[in-house]
Structures are given as C-alpha cells and as structure tokens.
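Here is a friendly walk through one small chain, meant to be read with the structure open beside you. Please keep the viewer at hand as we go from the strands to a few single residues.

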Amino acid sequence: MLSESAKGGGIARVMVDTETGIQYLFVYALEAGGLTILADEDGKPLINEEYRRKKD
C-alpha cells in the first residue's frame with residue numbers, strides 16, 4: 001500500500017485488492033473520506049499484477 005500525507009493532515013492511499021489486483025484510491029481529510037477505483041484512459045480498472053493472487 002502506498003500512503004502519502006496531505007497538507008492539513010489528510011491522507012491519500014493507493015490500496016490493492018489481493019484477489020483481483022484492482023487498485024483503489026482512498027482519501028481522508030477533516031473527518032470525511034472517499035474510495036474510488038483507479039482506471040486507465042479507457043475506463044478499465046488498473047490492475048497491479050504483483051499483488052494479484054495467482055489462481056491455480
């Protein structure tokens with residue numbers, strides 16, 4: 001997981017689903033937050049193959 005602190009005490013994290021490898025952006029600041037999928041220019045989810053579980 002990649003995590004950065006933002007000015008004013010907020011955080012931004014890239015989270016990865018270990019089953020699918022799909023990446024999400026989580027942002028939290030001032031008691032509010034949100035989660036969204038990261039997508040490429042075609043709207044397809046970004047997949048991190050290093051975190052994806054290999055299915056036998």
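Two strands count as paired if DSSP finds at least two bridges between them. With that in mind, look at the hairpin of β2 and β3: 6 residues lie between the strands, and G21 takes a positive phi near 80 degrees. The model you are looking at is predicted.

**The chain as a whole**

How many helices and strands does the chain have? There are 0 helices and 4 strands, and from the N terminus on the elements run β-β-β-β. Of the 56 residues in the chain, 11% are buried. The accessible surface comes to about 4,600 Å², and carbon and sulfur atoms hold 54% of it. Among contacts in the chain with a separation of 6 or more, 26% are between residues 24 or more positions apart.

**How far to trust it**

The mean pLDDT of the chain is 83, with 79% of the residues at 70 or more. Where is confidence lowest, and where is it highest? Strand β1 (residues 2-5) is at the low end with a mean of 60, while β4 is at the high end with 93. Where pLDDT is low, the predicted coordinates should not be read in detail.

**The paired strands**

Strand β2 covers residues 11-16, and 6 bridges join β2 to strand β3 (residues 23-29), the two running antiparallel. Within this pair, M15 stands opposite Y24 in β3. Strand β3 is also joined to strand β4 (residues 32-37), again by 6 bridges and in antiparallel fashion. Here F26 stands opposite L35 in β4. The hairpin of β3 and β4 has 2 residues between the strands, and L30 in the turn has a positive phi of about 50 degrees.

**Three residues to click on**

Start with R13 in strand β2. R13 is partly exposed, because its relative accessible area of 30% falls between the cut-offs of 20% and 50%.

Next comes Q23, whose place is in strand β3. Is Q23 buried or exposed? Q23 counts as buried, because its relative accessibility is 15% and buried means under 20%. Leaving aside neighbours within four places in sequence, Q23 is in contact with V14, M15, V16, I37, L38, L46, I47 and N48.

Last is L35, found in strand β4. L35 counts as exposed, because its relative accessibility is 56% and exposed means over 50%. Beyond its neighbours within four places in sequence, L35 is in contact with M15, Y24, L25 and F26. One of these contacts, F26, is also the residue that stands opposite L35.

If you are wondering about side-chain directions as you turn the view, here is a general point: in a regular strand the side chains alternate between the two faces of the sheet.

**Separations in sequence and in space**

Each of the three residues also has a partner for which the C-alpha to C-alpha distance can be set beside the separation along the chain.

| Pair | Apart in sequence | C-alpha to C-alpha |
|---|---|---|
| R13 and Y24 | 11 residues | 8.1 Å |
| Q23 and L46 | 23 residues | 5.8 Å |
| L35 and A12 | 23 residues | 9.8 Å |

For the pair Q23 and L46, the 5.8 Å separation goes with a contact, as L46 is among the residues that Q23 touches.

Note on methods. Residues are numbered from 1 along each chain as its sequence is written. Side-chain values use heavy atoms; hydrogens and water are left out. Buried means under 20% relative accessible area, exposed over 50%, partly exposed in between (1.4 Å probe, protein chains only). Contact means heavy atoms within 4.5 Å. Accessible areas come from the Shrake-Rupley method with a 1.4 Å probe; for residues, only the protein chains shown count as cover. pLDDT is the predictor's confidence in each residue, from 0 to 100.
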